[in-house]
Amino acid sequence: MAAIFMVGDGLIGVLQPRRHVDLWKDDALGTEKLVKPFVDRPGRRRLYAVVQIAAGLALAARQKQ
């Protein structure tokens, strides 16, 4: 489940970095501080998203049936 979330969230971060950060920066249960480094920095968010997708895929690859 975590791998699916990481890949999906990362994909949205790559395709719509500003919108994605905007969704999390206001009244989002304390995540405001976590997304602060990405506000007005779409390139940084995209880079993080690519790492997030890679980590999600690596996690999924380690899953056993």
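Val 7 is partly exposed here, with a relative accessible area of 25%. That residue belongs to helix α1, and this is a predicted model, so treat every number below as computed from predicted coordinates. The other things to look at are a pocket lined by residues from several helices and one aromatic pair.

**Val 7 and its distant partner**
- A relative accessible area of 25% puts Val 7 over the 20% limit for buried and short of the 50% needed for exposed, so the residue counts as partly exposed.
- Val 7 and Ala 49 are 42 residues apart along the chain, yet 8.4 Å is what separates their C-alpha atoms.

**How far to trust the model**
- Averaged over the chain, pLDDT comes to 90, and 97% of the residues reach 70 or more.
- Going element by element, α4 has the highest mean pLDDT at 96, while α3 has the lowest at 84.
- As a rule of thumb, predicted coordinates shouldn't be read in detail where pLDDT is low.

**The largest pocket**
- The largest pocket holds about 250 Å³ of space.
- Four elements each give two or more residues to its lining: α1 (2–15), α2 (17–25), α3 (32–35) and α4 (42–61).
- Helix α4 gives the most, with three residues.
- If you want to find the pocket on screen, pick out the lining residues: Phe 5, Asp 9, His 20, Trp 24, Thr 31, Leu 34, Val 35, Phe 38, Arg 45, Tyr 48 and Gln 52.
- Sorted by class, that lining comes out as six nonpolar, three polar and two charged residues.

**Rings and a charge around Phe 38**
- There's one aromatic pair in the structure, and Phe 38 and Tyr 48 are the residues that make it.
- Their ring centres are 5.4 Å apart and the planes meet at 45°, which makes the pair tilted.
- Phe 38 sits in the loop between α3 and α4 and Tyr 48 in helix α4, so the pair ties together parts that are 10 residues apart in sequence.
- Phe 38 is buried, because its relative accessible area of 15% is under the 20% cut-off.
- Tyr 48, on the other hand, counts as partly exposed, at 43% relative accessibility.
- Phe 38 has a charge over its ring too: the charged end of Arg 45 sits there, 5.9 Å from the ring centre.
- To link this back to the pocket, Phe 38, Arg 45 and Tyr 48 are among the residues that line it.

Note on methods. Residues are numbered from 1 along each chain as its sequence is written. This is a predicted model: local features need pLDDT of at least 70, side-chain atom pairs count only at pLDDT 80 or more; totals for chains, interfaces and linings use all residues. Side-chain values use heavy atoms; hydrogens and water are left out. On a 1 Å grid over the protein atoms alone, a cavity is a set of points where a 1.4 Å probe fits but cannot get out, and a pocket is an open set with protein on both sides within 12 Å along at least five of seven lines; lining residues have an atom within 4 Å of a point. Grid points are joined across faces, edges and corners, and a volume is the space filled by probe spheres set on the points. Ala, Val, Leu, Ile, Met, Phe, Trp, Tyr, Cys and Pro count as nonpolar, Asp, Glu, Lys and Arg as charged, and the others, Gly among them, as polar. Rings of Phe, Tyr and Trp (its six-membered ring) pair if their centres lie within 6.5 Å; planes under 30 degrees apart count as stacked, over 60 as edge-to-face and the rest as tilted. Buried means under 20% relative accessible area, exposed over 50%, partly exposed in between (1.4 Å probe, protein chains only). A charge sits over a ring if NZ of Lys or CZ of Arg is within 6 Å of the ring centre and within 35 degrees of the ring normal. pLDDT is the predictor's confidence in each residue, from 0 to 100.
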